[in-house]
Amino acid sequence: MIPTRIRLASEASEPEKFAGEELAKYLKRIYRHEVRILRSKQTLAREILIDVRRRPKRQVPIAKTDDAFEIMFRKDRVHLRGQTPRAAVYAVYSFLEELG
């Protein structure tokens, strides 16, 4: 799947914006085409979503220093989610490492 856009939440933090910029920069080097960064709630095919879990599913307190992240593949989309904004950046770099 060659992504057509990177989607950020409308309330994306500065680290999330940085993660999107880094991802766009390296995807351009890998695929040799621009990947736009958009702030939208609309889900489209062939996109990469970067976000932070703002409301944990569990009622377990999470330390602000928790750098956990997850990379999920759903049909023709990739979801990079961090527990914190910094973890979202780590998710992007881990995803890029997997791409080579």
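A residue is called buried when its relative accessible area is under 20%, exposed when it is over 50%, and partly exposed in between (1.4 Å probe, protein chains only). The structure is a predicted model, in which local features need pLDDT of at least 70, side-chain atom pairs count only at pLDDT 80 or more, and totals for chains, interfaces and linings use all residues. Residues are numbered from 1 along each chain as its sequence is written, and side-chain values use heavy atoms, with hydrogens and water left out.

**Exercise 1. Characterise the surroundings of Glu-47.**

Solution.

Step 1. Locate the residue. Glu-47 is found in strand β3; here helices (H or I, at least four residues) and strands (E, at least two) are DSSP runs, numbered from the N terminus.

Step 2. Classify its accessibility. The relative accessible area of Glu-47 is 1%, so the residue is buried.

Step 3. Identify its charged partners. A salt bridge is a side-chain nitrogen of Lys or Arg within 4 Å of a carboxyl oxygen of Asp or Glu. Glu-47 forms one with Arg-5, where the closest N and O atoms are 2.8 Å apart. This pair links distant parts of the chain, since Arg-5 belongs to strand β1 (residues 5-8) and Glu-47 to strand β3 (residues 47-52), 42 residues apart. Arg-5, at 5% relative accessibility, counts as buried.

Step 4. Extend the analysis to the network. Salt bridges link Arg-5, Arg-7 and Glu-47. The side chains of Glu-47 and Arg-7 also make a polar contact at 2.9 Å. A polar contact is a pair of N or O atoms within 3.5 Å; within protein, one must be able to donate a hydrogen and the other to accept it, and residues adjacent in sequence count only if both atoms are side-chain atoms.

Step 5. List the contacts (heavy atoms within 4.5 Å). Leaving aside residues up to four places away in sequence, Glu-47 touches Met-1, Arg-5, Arg-7, Gln-42, Asp-76, Arg-77 and Val-78.

**Exercise 2. Describe the salt bridge between Lys-25 and Glu-22, and that between Arg-86 and Asp-67.**

Solution.

Step 1. Give the total. The structure holds eight salt bridges.

Step 2. Treat the pair within a helix. The side chains of Lys-25 and Glu-22 meet at 3.1 Å, N to O. Both residues lie in helix α1 (residues 14-31), three residues apart, or about one turn of the helix. Lys-25 counts as partly exposed at 36% relative accessibility, whereas Glu-22 is buried at 11%.

Step 3. Treat the second pair. The closest N and O atoms of Arg-86 and Asp-67 are 3.0 Å apart. Arg-86 lies in helix α2 (residues 85-99) and Asp-67 in the loop between β3 and β4 (69-74), so this salt bridge ties together parts that are 19 residues apart in sequence. Arg-86 is partly exposed at 41% relative accessibility, and Asp-67 is partly exposed at 25%.

**Exercise 3. Determine how the span of helix α1 relates to the expected value, and what covers its buried residues.**

Solution.

Step 1. Compare the spans. The expected span of a helix is 1.5 Å times one less than its number of residues. Helix α1 has 18 residues and reaches 25 Å from its first C-alpha to its last, close to the expected 26 Å.

Step 2. List the buried positions. In α1 these are Glu-16, Ala-19, Gly-20, Glu-22, Leu-23, Ala-24 and Leu-27.

Step 3. Identify the cover. It includes β1, β2 (36-39), β3, β5 (77-82) and α2.

Step 4. Examine what comes after the helix. Arg-32 follows α1 and has a positive phi, near 60°.

**Exercise 4. Classify the aromatic pair found in the structure.**

Solution.

Step 1. State the criteria. Rings of Phe, Tyr and Trp (its six-membered ring) pair if their centres lie within 6.5 Å; planes under 30 degrees apart count as stacked, over 60 as edge-to-face and the rest as tilted.

Step 2. Apply the criteria. A search of the whole structure finds one aromatic pair. The ring centres of Phe-73 and Phe-95 are 6.4 Å apart and their planes stand at 45°, so the pair is tilted.

Step 3. Place the residues. Phe-73 lies in strand β4 and Phe-95 in helix α2, so the pair ties together parts that are 22 residues apart in sequence. Phe-73 counts as exposed at 60% relative accessibility, while Phe-95 is buried at 8%.
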